[in-house]
Amino acid sequence: MLSLWLTALLLLAMGEVLLTFWKGYNALESRVDTEVVGIAMERTWSQDIHSSVVVNLSASTVALTLVDGTQFRYWVNTDGQLVRVQNGGGTSVLAVGVKSIRPQLQNGELVCSVLFDNGVLDLMEATPVASILTLLNGK
Amino acid sequence: MEHIPQTGVNADHGHVLLSTVGFLTVVSLILVLLGTAADYSFQIIYMQSLATESYWLAKSQAVYALSELTKHSTVDTQPLTLANVAGHEASVTTQMTLQKATATVTVSAAVGTARHTVTFSYNENTSALVTWVDSDVPPQ
């Protein structure tokens, strides 16, 4: 009878260890996936911001006018996709599994926090060339 | 015949030993998986830090070049070599081509496997920036 109890206890402990490992592995995998999506998103988005001469922000959308005149708008659609829409046509998806974005301008730098569905918060910072020109011209 | 209860080391015919070994095998396999996943994420973070280093080198040199261009209409094209940036030798090169009144400057920075190029054009007659392109793809 005692050995039965001990076996049950041992199995329970083993099960708990395996479950913990499994949860940890899944959390890590999800985190890494989101990290990769975030890097890809930042790559495109920051390159757009860097060449922007006009930045227009609302609570959850970003509108950029690039130095060559191209205009882009960024927002999260109902499917949880962060989309980049070019004025006059052309939509691309920058990231998936996005809950919300919160863009802000801080000292000429565009700081945008991107919250993903799995709770990961990605902080993106990029300086539009407009701010550099302002600095150089001493205005 | 009277039943004699088994005692001693082999009382369970080695079942406990077997299941312990099996459990430890499963646990070590999981640890290997976790380690591999962690290794991947470290690699991603390391590559990203190299990319960030090369970005800032290219960007700061480009801002310097733009500043020179607006003030003195010329650009310092001396290549820079930095002995140690994140454990790598880094190089920054600046090139300028002048076409009519438009100066096109290409600044390229390389740190390890990462590189970043900033290309911009500046029209000196209108004192306006015409293009500004960031790229982590090496220039053709």
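Which residues touch the most other members of the largest nonpolar core? The views below, all taken from a predicted model, begin with that question.

**Figure 1. A look into the largest nonpolar core.** This core holds 43 residues. Those that touch the most other members are B:Ala58, B:Ala62, B:Val107, B:Ala109 and B:Phe120. Helix H1 of chain B, residues 15-72, gives the most to this core, with seven residues.

**Figure 2. The surroundings of B:Ala62.** Let us stay with one of the residues just named, B:Ala62. Leaving aside residues up to four places away in sequence, B:Ala62 touches B:Val105, B:Val107, B:Val118 and B:Phe120. Two of these names may look familiar: B:Val107 and B:Phe120 also belong to the group that touches the most other core members.

**Figure 3. Chain B from end to end.** Chain B has one helix and five strands, and along the sequence they follow the pattern α-β-β-β-β-β. Along the principal axes, the C-alpha atoms of chain B fill a box of roughly 115 × 30 × 25 Å. The radius of gyration of chain B is 31 Å, whereas a compact globule of 140 residues would have one near 14 Å. Of the 140 residues in chain B, 23% count as buried. Among contacts in chain B with a separation of 6 or more, 45% join residues 24 or more positions apart.

**Figure 4. Where chain A meets chain B.** To this contact, chain A brings 22 residues and chain B brings 23 residues. On the side of chain A that touches chain B, helix H1 (2-50) and helix H2 (129-137) of chain A each supply at least two residues. H1(A) gives the most to that side, with 15 residues. Sorted by class, the side of chain A that touches chain B has 14 nonpolar, four polar and four charged residues.

**Figure 5. A hairpin in chain A.** Here we turn to two strands of chain A: E7, residues 109-116, and E8, residues 121-126. They pair in the antiparallel sense over six bridges. To follow the pairing by eye, start from A:Ser113, whose bridge partner in E8(A) is A:Leu123. Four residues lie between E7(A) and E8(A) in this hairpin. In the turn, A:Gly119 has a positive phi of about 95°. A general point helps when viewing any such strand: in a regular strand, side chains alternate between the two faces of the sheet.

Methods
Residues numbered from 1 in each chain as written. Chains lettered and ligands numbered in written order. Predicted model: local features only at pLDDT ≥ 70, side-chain atom pairs only at ≥ 80, totals over all residues. Contact = placed C-beta atoms within 7 Å. Nonpolar A, V, L, I, M, F, W, Y, C, P; charged D, E, K, R; others polar. Core = buried A, V, L, I, M, F, W, Y, C linked by C-beta atoms within 7 Å. Buried ≥ 20, exposed ≤ 12 C-beta atoms within 10 Å, placed from the backbone. Pairing = 2+ DSSP bridges. Rg over C-alpha atoms; globule rule 2.2 N^0.38 Å.
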